[in-house]
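Hi,

Here is the structure I said I would pass on. Have a look at it first, and my notes on what turned up follow below.

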Amino acid sequence: MRRPGPVLNRVVVNVVLWGYAVVALVPLLVMVWNSVRSDQELVSEPLGLPHAPSFDAYRAAWVEASFSTYFLNSVLVTVASVALSTAVSLLAAYALARSRSRLMAVIEQVFVSGLMMPVFLMIVPIFYLLDTIGLASTRTGLILVYAAVSVPFSVFVLATFLRQLPDELEDAARIDGAGPLRTFWSVLLPLVRPAVATVVVFRFVPIWNDFFYPLILVRDRASYTLPVGLTTFFGEYQTSWSTLFAGLVIATLPLVVLFLVATRQIVAGLTAGMGR
């Protein structure tokens, strides 16, 4: 009995991948076209197509529902926390990856152990800590919390990647007179771009979508992020489903852009130097 040829295998793989893509894109498309429909259309035909598309729901969500404030808060908190955690993790990973001492090995185990800590059990001491130092219900406190919980994963990924780089690169830079920071910035950092892009994406998405920490730690409505801000639609805008869908589209769009940009960076970093 003949085995399926490579052509048949490719066809099956393509069908499965395209099927998965359709299943993943349908909810996004439903969300987009429902955002340009009226509430009457949504009630009468929940899954119907828009008859007279209108962007009034986006204006209502952005201006009347203070969604612009929630959006800017999410951008500030997410970008600042990811940048802070990535910068700290890069320096820590560089020191851990290049050190051979037992003390550094113990410190690395401490970092990695942070991956096993349940975030829900830490919320009470975190809240009391922020309240004691006056950072409760502030964006600064939220940034510090997100940066702290992101460090263990980032250090683990970056240290693993840095260990794969040959020591001869640093030896050559040292011979040319470069110090440790100069070597890290000019020689090693350009080579770890794929790992940095991976860390940024894998930390940006959960922080952007996180509902738990802002709900518990933020009491001032002016400091709400997007996930918590979306819940206000169910109070003041109980019947404005088109406004809710418009808010969901606004909240999802930055993630789509990030994935497109990050995917190109990762592919460019992995294929750099090929064919030369």
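Helix 7 passes helix 10 in a right-handed crossing. Bear in mind that this is a predicted model. Helix 7 covers residues 139-162 and helix 10 covers residues 193-209; their axes lie 10 Å apart, at an angle of about 155 degrees. Angles over 145 degrees count as roughly antiparallel, so helix 7 and helix 10 are roughly antiparallel to each other.

Who makes that contact? On the helix 7 side you'll find Tyr146, Val149, Ser150, Phe153, Ser154, Val157, Leu158 and Phe161. Helix 10 answers with Pro194, Ala195, Val196, Val199, Phe202, Arg203 and Ile207. Sorted by class, that contact comes to 12 nonpolar, two polar and one charged residues.

Helix 7 also packs against helix 5 (residues 102-113), with the axes coming within 7 Å and crossing at roughly 125 degrees. That makes the pair oblique, because the angle falls outside the parallel, antiparallel and perpendicular ranges. Glu108, Phe111 and Val112 of helix 5 meet Val151, Pro152, Val155, Phe156 and Ala159 of helix 7. This contact has seven nonpolar residues and one charged, with no polar ones.

Now for the empty space, starting with the largest pocket. How much space lies in it? About 410 Å³. There are 18 lining residues, and those closest to the pocket's centre are Gly114, Val119, Met122, Val149 and Arg203. Val149 and Arg203 should look familiar, since both are in the contact of helix 7 with helix 10. Helix 6 (119-132), helix 7, helix 10 and helix 11 (212-217) each give two or more residues to the pocket lining. Which helix gives the largest share? Helix 7, with six residues. By class, the pocket lining has 15 nonpolar, one polar and two charged residues.

As for closed space, searching the whole structure turns up one cavity of 30 Å³ or more. The largest cavity has a volume of about 40 Å³. Its lining consists of Ser74, Val77, Thr78, Tyr146, Ile207, Trp208, Asp210, Thr225 and Pro227. Helix 4 (67-98) and helix 10 each supply at least two of the lining residues, and the largest share, three residues, comes from helix 4. By class, the cavity lining splits into five nonpolar, three polar and one charged. Tyr146 and Ile207 line this cavity, and both also take part in the contact of helix 7 with helix 10.

If you want one place to start, try helix 7: it packs with helix 10, it packs with helix 5, and it gives the largest share of the pocket lining.

Cheers

Definitions and conventions:
Residues numbered from 1 in each chain as written. Predicted model: local features only at pLDDT ≥ 70, side-chain atom pairs only at ≥ 80, totals over all residues. Heavy atoms only, no water. Axes fitted to C-alpha atoms, helices over the stretch in contact; angles between N-to-C directions. Helix = DSSP H or I, 4+ residues; strand = E, 2+ residues; numbered from the N terminus. Parallel < 35°, antiparallel > 145°, perpendicular 65-115°, else oblique. Left-handed = near helix turned anticlockwise from the far one by under 90°. Contact = heavy atoms within 4.5 Å. Nonpolar A, V, L, I, M, F, W, Y, C, P; charged D, E, K, R; others polar. 1 Å grid on protein atoms, 1.4 Å probe; cavity = no way out; pocket = protein on both sides within 12 Å on 5 of 7 lines; lining within 4 Å. Points joined across faces, edges and corners; volume = space filled by probe spheres on them.
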